[in-house]
Amino acid sequence: MSTIDLPASQAENSSAAALHQLKELLKRDAAFAQALGATASTGAAVKLAAEHCIVVTPEALWRHRGTLVSGGLPTWRG
């Protein structure tokens with residue numbers, strides 16, 4: 001079931017959980033953080049996250065791009 005098929009509150013919870021997992025992975029895995037920072041698009045970032053068993057939508061990544069890394073710098077140009 002994709003987040004599109006979920007009620008809004010469940011989709012938000014699912015996105016929040018995925019973003020939390022992503023932030024934790026960024027903190028503990030410098031190679032992953034570097035790879036994520038090198039992605040050129042949210043689509044590429046979603047694929048990289050999926051390779052680490054984190055399912056997140058491009059929209060969720062885009063909305064939170066300034067909060068994924070310390071300092072609040074955007075991950076992708078916008």
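**Entry 1: the overall layout**

I began by counting elements, and the chain has four helices and zero strands. Reading from the N terminus, I noted the order as α-α-α-α. I reminded myself that this is a predicted model, so I looked up the confidence next. The mean pLDDT of the chain is 80, and 71% of the residues score at least 70. Among the elements, H3 has the highest mean, 93, and H1 the lowest, 82. I kept one caution in the margin: where pLDDT is low, the predicted coordinates should not be read in detail.

**Entry 2: surface and contacts of the chain**

I then took the totals for the chain. It has 78 residues, and 29% of them are buried. The accessible surface comes to about 5,100 Å², and carbon and sulfur atoms hold 56% of that. For contacts with a separation of 6 or more, I found that 42% join residues 24 or more positions apart.

**Entry 3: the nonpolar core**

Which residues touch the most other members of the largest nonpolar core? I found Leu-22, Phe-32, Val-56 and Leu-61, in a core of 16 residues. H1, helix H2 (30-38), H3 and H4 each give two or more residues to this core. H1 provides the largest share, five residues.

I followed two of these residues further. Leaving aside neighbours within four places in sequence, Leu-22 is in contact with Phe-32, Ala-49, Ile-54, Leu-61 and Leu-68. Phe-32 sits in helix H2, and I noted its relative accessible area as 2%, which makes it buried. Not counting residues up to four places away, Phe-32 touches Leu-22, Leu-25, Leu-26, Leu-48 and His-52. I also looked up a C-alpha distance here: Phe-32 and Ala-49 are 17 residues apart in sequence and 9.0 Å apart in space.

**Entry 4: the two sides of H3**

How are the buried residues of H3 placed around its axis? I listed them first: Thr-42, Ala-45, Val-46, Leu-48 and Ala-49. They cover an arc of only 165° around the axis, so they lie on the same side of H3. On the other side, I found Lys-47 and Glu-51 exposed. For the pattern itself I wrote down the usual geometry: an α-helix has 3.6 residues a turn, so residues three or four places apart point the same way.

**Entry 5: the loop after H3**

Moving on along the chain, I came to Cys-53, which follows H3. Cys-53 lies in the loop between helix H3 (42-51) and helix H4 (58-63). Its phi is positive, about 65°, although the residue is not a glycine. Is Cys-53 buried or exposed? I found a relative accessibility of 67%, so Cys-53 counts as exposed.

Thr-57 is in the loop between H3 and H4 as well. Its relative accessibility is 19%, and I checked the cut-off, because buried means under 20%. Thr-57 therefore counts as buried. I measured nothing by hand, but the model puts the C-alpha atoms of Thr-57 and Ala-18 9.0 Å apart, with their positions 39 residues apart in sequence.

**Entry 6: H1, its far partner and its salt bridge**

Gln-21 brought me back to helix H1. At 40% relative accessibility, Gln-21 counts as partly exposed. What is the C-alpha separation of Gln-21 and Ile-54? I noted 7.0 Å, for two residues 33 apart along the chain.

My last search was for salt bridges, and the whole structure has one. The side chains of Lys-27 and Glu-24 form it, at 3.7 Å from N to O. Both residues lie in helix H1 (residues 8-28), three residues apart, which is about one turn of the helix. I looked up how open each partner is. Lys-27 has a relative accessible area of 69% and is exposed, while Glu-24, at 31%, is partly exposed.

Terms used:
Residues are numbered from 1 along each chain as its sequence is written. Side-chain values use heavy atoms; hydrogens and water are left out. A salt bridge is a side-chain nitrogen of Lys or Arg within 4 Å of a carboxyl oxygen of Asp or Glu. Buried means under 20% relative accessible area, exposed over 50%, partly exposed in between (1.4 Å probe, protein chains only). The arc is that of the directions from the helix axis to the C-beta atoms. Contact means heavy atoms within 4.5 Å. Accessible areas come from the Shrake-Rupley method with a 1.4 Å probe; for residues, only the protein chains shown count as cover. A nonpolar core is a set of buried Ala, Val, Leu, Ile, Met, Phe, Trp, Tyr and Cys residues joined through side-chain atoms within 4.5 Å. pLDDT is the predictor's confidence in each residue, from 0 to 100.
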